[in-house]
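User: I'm new to this one, so could you take me through a single spot in some detail? I'd like to look at the place where a helix of one chain packs against a helix of the other.

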Amino acid sequence: MADENGKQTEMESRPWHQTVTLLLVSLRLAALVATSTAAGLMAFNKETKTVTVAVVGTNPILQSFTAAFQQTPAFVYFVLANAIASLYNLLVMLLRPCLKNRGRQVLVHLLDMVVFALVVTGAAAAASMAELGKNGNKYARWNPICDRFEAFCIRGGVALVAAFIGAVLLLLMNALSVVGLTCKNVTSNNN
Amino acid sequence: MAKVWRVFFLLLRLLAVAATLCAVVIMATSHDSTTVFGITLEAKFQHTPALVFFVVANGIAFIYSLIVLFIPSTSLLSRSIIVFDVILAMLLTAAIAAAGAMAQLGKKGNSHAGWFPICDRVPNFCDHVMGAMICGCVAVITFLLIVLYDIHQVLSPKFP
C-alpha cells in the first residue's frame, strides 16, 4: 500500500503532469475572462437614435429607434450561453480542491464539453445574425442595420470575437484534459 | 457485451451517414418562388450564408462518416479519428445553431429591424429548411453519442 501511494505521489510530481495541470488552470482562467467579457459586452449593448420623421409646420416630430440585444433571440441566447460558461468556469476554479477524485474529474470533463457546445452554438447563432445585420439579405428585403447603428454593431462584433476566443480556449482545454485523463490511467486504482 | 457495444457503435456511424446525407439533400433541394405585385420573389438556400454553411458542414460530415466506415478499428488511424469526431461534432453544432437562428428569423421576423417573416409567402422553402434542420439535429445527437463512446474508449484501460 505504501508503495502504491509512493508511486502515485511520484506520478503526480512529474514535471509534465504539473505542466499539464498549470496549463489547464491558466486556460480555464483565460476562458473565464473571454466568456465573461463576451456576455458583459453584449448584455450592455444598446443604442438609441432619434430621427425626425416628419415636420408639421415648424415643429419636427421626433421618433427614437432603439437597437438592443433583447430584440434578437440569438443574441439573448448568446448572452445566456456565455454567462453560464463563465459561471461554470468560476465554480470549477473555486472548487478545485474538492475535485481530486477521478470520477469527479471525468464529470468535470463531460461538463466542459457541454459548456463548450453551448458557447459554440451561441457564437454561431450570434455570428449569423451579425452577418445579416451587416450585409442584409436583398432577396428577402431585409435591410442591413449596421450603417445606422454603428456603435451597436461594433460592440456586438467585439463581444463575438471574445466569444470565439473563449470557444478556442475551451476547445484547447478539452483536448488537454483528455490528455491529462488518459495519462492518469495507472493511478485509477488508488481512488 | 463488448460485441453488442461495437454493433451499436457501427449502427450509430451508419445513422450519422444517413442523417448528414438527408440534411444535405433536403436543404439543397429547397427552392420556392412567389409572385408579389408582378415581381417574382425567389427563395433559395444559396441566398443565406448560414444555410450555405449548414450544407457545407453536413457535406463534410457525410464524406467523413463514409470514409470512417472503412477504417479498421485497431489501426493507427483510430486515435486521430477521435480528434476528428470531436471537431466535426462541434462543426455540426455550430452549423445547426446558425441555421436555427436564420430559420427563427424567417418564421417570426424582427419587427424592430423592419425584417418581415418570409415563411407565409414561401411555405415550401420553409418546410424544406425545417426538414433539413430535423435531420441536422439527428446528425448532431448521433455525433455527440459517437464522441461519448470515443471518450469511453479513451478512458478504458484496454486502450492501446
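Analyst: Sure, let's go straight there. This is a predicted model, and the spot you want is where helix α4 of chain A (residues 102-135) packs with helix α4 of chain B (residues 123-155). Their axes are 13 Å apart, and the angle between them is about 150°. Angles over 145 degrees count as roughly antiparallel, so α4(A) and α4(B) are roughly antiparallel to each other. The crossing of α4(A) past α4(B) is right-handed.

Which residues meet here? On the chain A side they are A:R102, A:V106, A:H109, A:L110 and A:M113, and on the chain B side B:V147, B:L148, B:I151 and B:L155. Sorted by class, that contact has 7 nonpolar residues, 1 polar and 1 charged.

It helps to see what the records say about the chain B partner. An unreviewed UniProt entry lists residues 48-70, 82-103 and 130-151 of chain B as "transmembrane region". In the model, residues 130-151 of chain B are 100% helix and 0% strand, with the end C-alpha atoms 31 Å apart. Residues 48-70 of chain B come out at 87% helix and 0% strand, and there the end C-alpha atoms are 35 Å apart. An unreviewed entry also has a "signal peptide" at residues 1-19 of chain B; that stretch is 95% helix in the model, its end C-alpha atoms 27 Å apart.

Now the chain A side. For chain A, UniProt (unreviewed entry) lists "domain: Casparian strip membrane protein" over residues 19-169. That stretch is 67% helix and 14% strand.

Chain A has a helix pair of its own to set beside the first one. The axes of α3(A) (residues 73-94) and α5(A) (residues 150-182) come within 12 Å and cross at roughly 40°, an angle that makes α3(A) and α5(A) oblique to each other. This crossing is left-handed. From α3(A), the contact uses A:F75, A:F78, A:N82 and A:N89, while α5(A) brings A:F152, A:A159, A:L160, A:A163, A:L170 and A:M173. By class, the contact of α3(A) with α5(A) has 8 nonpolar residues, 2 polar and no charged.

How confident is the prediction for chain A? Its average pLDDT is 86, and 89% of its residues score at least 70. Confidence is highest in α3(A), at a mean of 96, and lowest in helix α1 of chain A (residues 2-12), at 50. Over residues 186-191 of chain A, pLDDT stays under 50.

Notes: Residues are numbered from 1 along each chain as its sequence is written. Chains are lettered from A and ligands numbered from 1 in the order in which they are written. This is a predicted model: local features need pLDDT of at least 70, side-chain atom pairs count only at pLDDT 80 or more; totals for chains, interfaces and linings use all residues. Side-chain values use heavy atoms; hydrogens and water are left out. pLDDT is the predictor's confidence in each residue, from 0 to 100. Helices (H or I, at least four residues) and strands (E, at least two) are DSSP runs, numbered from the N terminus. Contact means heavy atoms within 4.5 Å. UniProt positions are given in the numbering used here, feature names are shortened, and annotations may be inferred rather than shown by experiment. Axes are lines fitted to C-alpha atoms, for helices over the stretch in contact, and angles run from 0 to 180 degrees between N-to-C directions. Angles under 35 degrees count as roughly parallel, over 145 as roughly antiparallel, 65 to 115 as roughly perpendicular and the rest as oblique. A crossing is left-handed if the near helix is turned anticlockwise from the far one by less than a right angle, and right-handed if clockwise. Ala, Val, Leu, Ile, Met, Phe, Trp, Tyr, Cys and Pro count as nonpolar, Asp, Glu, Lys and Arg as charged, and the others, Gly among them, as polar.
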